[in-house]
Amino acid sequence: FKHYLVRIMLRFTALIVLVAVAIVCAQDPPKPNPAETFRGASVSEITYNGKTVVGGTSFAKDEKKGMEVSRGRYDDRNFDYDILFRYDQGSEYLVTDVNRTISCKKSAITGTIPATWAWLAQAKFVGKRHFRGETVDFWGATIGTTKHGLGVFENDPTRPRIIAEETPQFNATSLIIEWETTSPPPAEYFDVPKSCSS
């Protein structure tokens, strides 16, 4: 009888261990926490009004100084843009190239520079996602009418690898190929575009 009880206890203990392992394995990975001061580059795909374009972007942000810039160049130059936020000066500059006509729009902005990753506070772990042969931990959140997504490697949740954004107007997916956070971007990154200073 004692041997029978021992076998039962061993099986019960093994079951508890298996359940504990399953619970640990089911836990979400660490939530991504990318820096707010950065510079980098991406390969991007945008779908807008049924048209899909592919290209690249470069971007930089200096949170402390209130400056951010993004430049996109695509296989359809009508989608090309430069956008510069200078919260230190209260100005936003948008340069577009539509029908081979370059134009600049300057707008007033107030307050402090928004947090790029604020939406992550509401993000949920979606699961593993496969993109171009790579596997990332993917997190998502819907803020208003915009769906945000961020994929990071399991061993480095501070480094964005995939960024996705979906709105009623467009879908965009970017593969981050450069990401630097060890020092603030050079000041010249945030120079006012020449087409806006004339």
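Colleague: Before we start, what do "buried" and "exposed" stand for here?

Modeller: A residue is called buried under 20% relative accessible area and exposed over 50%, with partly exposed in between. Keep in mind that this is a predicted model.

Colleague: Thanks! Let me try that on a loop. Where does Asn49 lie, and what is its phi?

Modeller: Most residues other than glycine have a negative phi. Asn49 is not a glycine, yet its phi is positive, about 55°. The residue sits in the loop between β1 and β2. With a relative accessible area of 66%, Asn49 is over the 50% cut-off and therefore counts as exposed.

Colleague: And what about Asn99?

Modeller: Asn99 also has a positive phi of about 55° without being a glycine. You will find Asn99 in the loop between β5 and β6 (101–108). Its relative accessible area is 62%, so Asn99 is exposed too.

Colleague: Now the interior. Which residues make up the largest nonpolar core?

Modeller: In soluble globular proteins, nonpolar side chains tend to be buried together. Here the largest nonpolar core has 12 residues, among them Phe38, Phe59, Trp117, Trp119, Trp139 and Trp179. At least two residues of this core come from each of β8 (134–143), β9 and β11. There is also a second, separate core of eight residues, including Val69, Leu84, Tyr93 and Val95.

Colleague: Which residues does Trp119 touch?

Modeller: Leaving aside residues up to four places away in sequence, Trp119 touches Trp139, Gly140, Ala141, Ile143, His148, Gly149 and Leu150.

Colleague: How should I read the empty space, and what volume has the largest pocket?

Modeller: Rolling a probe the size of a water molecule over the atoms shows where empty space is left. The largest pocket in this model has a volume of about 1300 Å³. It is lined by 42 residues, and the closest to its centre are Glu68, Ser70, Tyr81, Glu165 and Phe170. Elements giving two or more residues to the lining include β3 (67–74), β4 (81–86), β10 (156–166) and β11 (170–180).

Colleague: How many of the lining residues are nonpolar, polar and charged?

Modeller: The lining divides into 26 nonpolar, 12 polar and four charged residues.

Colleague: Last one: where is pLDDT under 50?

Modeller: Where pLDDT is low, the predicted coordinates should not be read in detail. The protein averages a pLDDT of 89, and 86% of the residues score at least 70. Residues 1–6, however, stay under 50 and have zero contacts beyond four places in sequence. The stretch 14–25 is also below 50, with zero contacts beyond near neighbours in sequence.

Conventions. Residues numbered from 1 in each chain as written. Predicted model: local features only at pLDDT ≥ 70, side-chain atom pairs only at ≥ 80, totals over all residues. Heavy atoms only, no water. 1 Å grid on protein atoms, 1.4 Å probe; cavity = no way out; pocket = protein on both sides within 12 Å on 5 of 7 lines; lining within 4 Å. Points joined across faces, edges and corners; volume = space filled by probe spheres on them. Helix = DSSP H or I, 4+ residues; strand = E, 2+ residues; numbered from the N terminus. Nonpolar A, V, L, I, M, F, W, Y, C, P; charged D, E, K, R; others polar. Buried < 20%, exposed > 50% of the residue type's maximum accessible area, 1.4 Å probe, protein only. Core = buried A, V, L, I, M, F, W, Y, C linked by side-chain atoms within 4.5 Å. Contact = heavy atoms within 4.5 Å. pLDDT = per-residue confidence, 0-100.
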